[in-house]
Amino acid sequence: MTVQESQMRRRAVKETASKQTEGEAAPPEAAHDSKSKGKGTAGPNWLVRNSSKYAFMLVVALSFVTRYWKIWDPAQVVFDEVHFGKFASYYLRRQYYFDVHPPLAKMVVALGGWLVGYDGHFLFDKIGMDYMSNGVPYIMMRSWVALFGFVLSPLVYMIMAESGYSVAASLLAAVLVTFDNALVTQGRLILLDNIMIFFMLAAIYAYVRFFKLRYRAFGTQWWSWLLSTGFMLGCAMSCKLVGVLTMGVIGCAVLFDLWRIIDIRRGTTVKLCIQHFMARAFALIAVPLIVYLGFFYVHFAVLTRTGPGDAYHTANFQMQLIDNPMTKSSFDVHFGDEIAFRHRDTGVYLDSNPGRYPLRYADQRVSSQGQQVTGAKKLSDNGYWRIKPVNNAEAYAQFIARRQSGEELSKEEMAKWVVHHTDLVQLEHVATNTNLRTHDVASPMTATNMEFTTLPLNNTANVDDTIWQIKIDGAKSNSTKLQTSASFIRVVSHKHGVAMWTHSKPLPDWGHKHQEINGNKKPEDKSTLWTVPKIRGRTATAEELEEMKKKVVGMGFMAKFIELQGLMIRHNNALTTVHPFQSTPITWPLLLRGISFWTDKDSRRQIYLLGNPVGWWTANCALLLYGMLVVALAVLERRNAPVVDSIVHRHMLRSTGFLAAAWIWHYAPFFLMGRSLFLHHYLPASIFAYMVTAAVYQFASVIDYQRFALKHWYGRARAVVPSPVAAVAFVGLVCVQVACFLYFAPLTYGTAGLSPDEVNSRRWLSSYDLHFQK
């Protein structure tokens, strides 16, 4: 035998072992040797042969019960249903809204409402609002979303079985997921995470099926599962941006696969290598992007009417929406007009009143005791400002006198007095006849910013403090006109360089709970943008309305898409406001705290998002043990002292390694994120941690992998449990998981009012901030 023939024979043996380990084994009947020395359940009787099907049906039944148990209770808005129920209503109203997440999961929720005839009349404004009295088909909407949570456990079983694990290991992973309190809580409400996780797991399942067909490349099934993987990846990304993490997992697996394919010893030509690369690039990069774009196309096609999300966008974007104010009241602003200013982000109006700032603030800083300038939620007479030019005072006086006399001026004459980009102006508060001013005094609540107040018209000593420059966002030249509704502007102090700014924290009682207005020393910040929503006394004629509609410039899909993506990323990164139930990634696997979803004081009931403590802590141990096993096996292999069968070793490194990599990919990136984070961000990773737990169980209990491995989740099994000890371990893990689930079930379902002693008995850690402890 030649060296080349010897190498080819060894490679064929390895490939056969690989096929058997990773699901490409011959049919069990052909491969099974009745004289096998492996220990297991007695004889391949009908129960053993069909055990995988029975196990799968058991998982389906248990998952259905845990997700749909009393799904009608509570009949109130719970946690983030306040957001995602609202967004579903906007879809049904076809009103445009803005959110930091892609649209698919929210469209799925809306589809559930549409299927039962819901018209979107309820806006889920507040946690605790009653569904029944408002006529909301919440049971059907929750049931629709719960469908995605219900199928997670069966999907986990299918992934494990298709990956070559035993019936026991596959069932163990699925049962752990079925009886996880956090996954159940999240999976039975009108929330997005379980919809996203469904597509994540579906992508993993499709890729496993594709990988098993690697020796039948470019066939119909090969292409079907490859394209299915790409489609599911696109759907996961279209639910939440973190869905892209699943693409990272599969991307690493694809690189490993391609690295094996390009090995010249496998006999692959350069042309064939390129074909493999191009097929994967198209299916796993191009297809997900096409799917992602497609759902945004549907998003824009459905949301055609003006809505609460308009203000986040540019004027041109807003004017594409039906009934948008910009297409009805977009006028040129002229000097002498009495205008209102509205903050783009918070929606408050620039307001002033005769009240004065207090001499001393709570921190003992001294104010100017000037007239208050604040941000009011509603527009009143105190919210109008006359815009005046700094230059051409004499000509302006003549112009304003003619306007006030009622003389009808020509369009040409009026055009001379339109306010333009970079114009220097003064803003006179109409109600008090004072000019808007900023000066070198710290603002009431933001000591680093400058106080805003007003100055009497006859005060000429500090006139420089009252001069402002109008800067129109996106203006291409100084000829750009200031228009109501259509222009986003910054009002910048000509002397001090600070921009007019506000934030959402209200002032104390002396400020009437209005928002603070001050001078931001970062004038180009996006939060310093304002609009001019109204000119007092100005309404559009029918002729002007027609002319405004004609001026609307069409905006293509890609332009809308790019603008929205930028807004989503920027606002997602800006979610840094401290939340009472936020947590850090390092605390998630340890389950140091949960999230309060809902409480009812009268019945002392609560829903508290908390994983199954026993399950999560066991999974942590399994992950640690797996890491130690990988290191130990690597060291022993280097010393030529293998202690496990080569097939077992290969399965541990490749199949279980893929699951462990999925856990890392869905967990580690959160350490790099600066936004506020919550326990539910760990849920995808927790599922993979459970799968690693089951894989470690199999490694510890099964010696003859080929005898216990499943080829397909619906296929026949040759053995179920390898030994009585393994059976006891399986039953013990399952019983403890179920018992812990039931113990915390009152917090999961919110269906039983607990006494203070019962609540405190469930505070296994002092950081569990449960309600009704007393």
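Modeller: A polar contact is a pair of N or O atoms within 3.5 Å, where, within protein, one must be able to donate a hydrogen and the other to accept it. Please keep in mind that this is a predicted model.

Biologist: What makes the pairing of the side chains of Ser655 and Tyr165 a polar contact?

Modeller: The side chains of Ser655 and Tyr165 are joined at 3.1 Å, and because the limit is within 3.5 Å, this pair is called a polar contact. Ser655 also touches Ser163 and Arg650, besides Tyr165, when residues up to four places away in sequence are not counted.

Biologist: Why is Ser655, which is found in helix 21 (residues 646–665), called buried rather than exposed?

Modeller: Ser655 has 12% relative accessibility, and since buried means under 20%, Ser655 therefore counts as buried.

Biologist: Why is Phe218 called partly exposed?

Modeller: Phe218, in the loop between helix 11 (193–212) and helix 12 (220–239), has a relative accessibility of 29%; buried would need a value under 20% and exposed one over 50%, so Phe218 counts as partly exposed. Its phi is near 70 degrees, a positive value in a residue other than glycine.

Biologist: How do you know that Asn433 is partly exposed?

Modeller: The relative accessible area of Asn433 is 43%, which is neither under 20% nor over 50%, so Asn433 is partly exposed. Asn433 lies in the loop between strand 5 (424–429) and strand 6 (434–442), and its phi, near 50 degrees, is a positive value in a residue other than glycine.

Methods:
Residues numbered from 1 in each chain as written. Predicted model: local features only at pLDDT ≥ 70, side-chain atom pairs only at ≥ 80, totals over all residues. Heavy atoms only, no water. Helix = DSSP H or I, 4+ residues; strand = E, 2+ residues; numbered from the N terminus. Buried < 20%, exposed > 50% of the residue type's maximum accessible area, 1.4 Å probe, protein only. Contact = heavy atoms within 4.5 Å.
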